[in-house]
Amino acid sequence: MGCVSGSANHPYPPFELASRVRPLDEFSDPIAAYEEMGAQTKQALLGLLPDGWSFEDKRVLDFGCGAGRTLRHFLAEADGAELWGADQDAASIDWIQANLSPPLNAWRCSHGPPIGLPLGSFDLIWAISVFTHLTVGSIPWLLELHRLLKDDGLLIATYYGRWNSDFLAEEPWEEDRVGMNVLHHNVDWDHGGPVVLMSEWWVREHWGRAFEVIEIAPQIDNMSWALLRKKPVDLTVDDILAPSDDPREYAALRHNLHQVQRELEREALRSAVRLDELRRDYESSASWRLTRPLRALKRRRR
């Protein structure tokens, strides 16, 4: 599917770009689904902003914007605000720059901080379905967004937790045994990549060192949504990750180790099954049958 234009102000990206956040081929009307998902995300963001918060004269960043699925719904707000999108994907950023700029601005960032945008310059940043997949880069990027915000600036970030455990971890959710637990380590990005489960207590303890946790809204699009306000602190990654005295820190670490061991055992079993299937396929092939006398001769010579 090529680029489909919904209106003069709302062009759609090519299908392959639009599907990078969530595959659209499962929907009977992919364009309608793409439009609806972006609109729903906008409504969730607006619903979390403090009463009286206005976009007028504000500087706003959509971190992990993709091809602008959410950002394109803020074209009206761009009349009075400076709106930016940032993403690692060059094709997505190029498409926004070619089709939605102006009034939107797009920036290609690297795989790790710094992002390359002016520090202390944004009033609001949101990161939707970003920290759900960040592993070792999670806290470095959290601190980079902290540095990008103005004093008292707001961050809205989503994360996986209690609503996703049955599907992603294949186990019921137990708040006290999950901190920041990384799963699916060996899954490539074409199949979803790694995923991260976080408990509310861990977010409040660790993210709360850099941000005031204003609200955590449960189960919007099967994720938890945290509304955070920047604290005037200068912290390192170690400062954020340092375990507290809460005994759940140790329990979460131990349980994540158990989860990783279980994943490795499952991957080893899947690899053995695939290898056995390949062996059977090869042994049933014509070339294997034709070379059977040669193999028998070789064994006799031994």
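**Exercise 1. Find the side chain with which Arg-262 makes a polar contact, and place that contact in its network.**

Step 1. The side chain of Arg-262 makes a polar contact with the side chain of Glu-171, at 3.3 Å. A polar contact is a pair of N or O atoms within 3.5 Å; within protein, one must be able to donate a hydrogen and the other to accept it, and residues adjacent in sequence count only if both atoms are side-chain atoms. The model is predicted: local features need pLDDT of at least 70, side-chain atom pairs count only at pLDDT 80 or more, and totals for chains, interfaces and linings use all residues. Residues are numbered from 1 along each chain as its sequence is written, and side-chain values use heavy atoms, with hydrogens and water left out.

Step 2. Arg-262 is part of helix 8, residues 248–283. Helices (H or I, at least four residues) and strands (E, at least two) are DSSP runs, numbered from the N terminus.

Step 3. With neighbours within four places in sequence set aside, Arg-262 is in contact (heavy atoms within 4.5 Å) with Ala-169 and Glu-171.

Step 4. Glu-171 also forms a salt bridge with Arg-177, where the closest N and O atoms are 3.6 Å apart. A salt bridge is a side-chain nitrogen of Lys or Arg within 4 Å of a carboxyl oxygen of Asp or Glu. Salt bridges link Glu-171, Glu-174, Arg-177 and Arg-262 in a network.

Step 5. Glu-171 has a relative accessible area of 8%, so this residue counts as buried. Buried means under 20% relative accessible area, exposed over 50%, and partly exposed in between (1.4 Å probe, protein chains only).

**Exercise 2. State how many salt bridges the structure holds, and describe the pairs of Glu-77 and Glu-205.**

Step 1. The structure holds 16 salt bridges.

Step 2. In one of them Glu-77 pairs with Lys-42, the closest N and O atoms being 3.0 Å apart. This pair links distant parts of the chain: Glu-77 lies in the loop between strand 1 and strand 2, Lys-42 in helix 2, and they are 35 residues apart.

Step 3. Glu-77 is buried, at a relative accessible area of 18%. Lys-42 is buried as well, at 13%.

Step 4. Glu-205 forms a salt bridge with Arg-209, with 2.7 Å between the closest N and O atoms. Glu-205 is partly exposed, at a relative accessible area of 29%.

**Exercise 3. Determine the strand order of the open sheet, and say what packs on it.**

Step 1. The protein chain has 10 helices and nine strands. Seven strands form an open sheet in the order 3-2-1-4-5-9-8, with mixed pairing. Two strands pair if DSSP finds at least two bridges between them.

Step 2. Strand 3 (105–108) and strand 8 (211–220) are the edge strands, each pairing on one side only. From one strand to the next, the twist averages 15°.

Step 3. Strand 4 and strand 5 pair in the parallel sense over five bridges. Trp-126 stands opposite Ile-156 in strand 5.

Step 4. Helix 3 packs on the sheet, touching strand 2 (82–87) and strand 3, and its direction makes about 160° with that of strand 3. Axes are lines fitted to C-alpha atoms, for helices over the stretch in contact, and angles run from 0 to 180 degrees between N-to-C directions.

Step 5. Helix 4 (residues 138–148) lies across strand 1 (59–63), strand 4, strand 5, strand 8 and strand 9, and runs at about 145° to strand 5.

**Exercise 4. Is Ile-125 buried or exposed, and which residues does Ile-125 touch?**

Step 1. Ile-125 is found in strand 4. Its relative accessible area is 0%, so Ile-125 is buried.

Step 2. Not counting residues up to four places away in sequence, Ile-125 touches Leu-61, Phe-63, Leu-145, Leu-148, Leu-149, Leu-154, Leu-155 and Ile-156.

Step 3. Ile-125 and His-146 are 21 residues apart in sequence; their C-alpha atoms are 9.3 Å apart.

**Exercise 5. Identify the members of the largest nonpolar core that touch the most other members.**

Step 1. A nonpolar core is a set of buried Ala, Val, Leu, Ile, Met, Phe, Trp, Tyr and Cys residues joined through side-chain atoms within 4.5 Å.

Step 2. The largest core has 44 residues, and Leu-83, Leu-124, Trp-126, Ile-156, Leu-197 and Trp-225 touch the most other members. Helix 2 gives the largest share, six residues.

Step 3. A second, separate core of 39 residues includes Ala-127, Ile-139, Met-198 and Ala-252.
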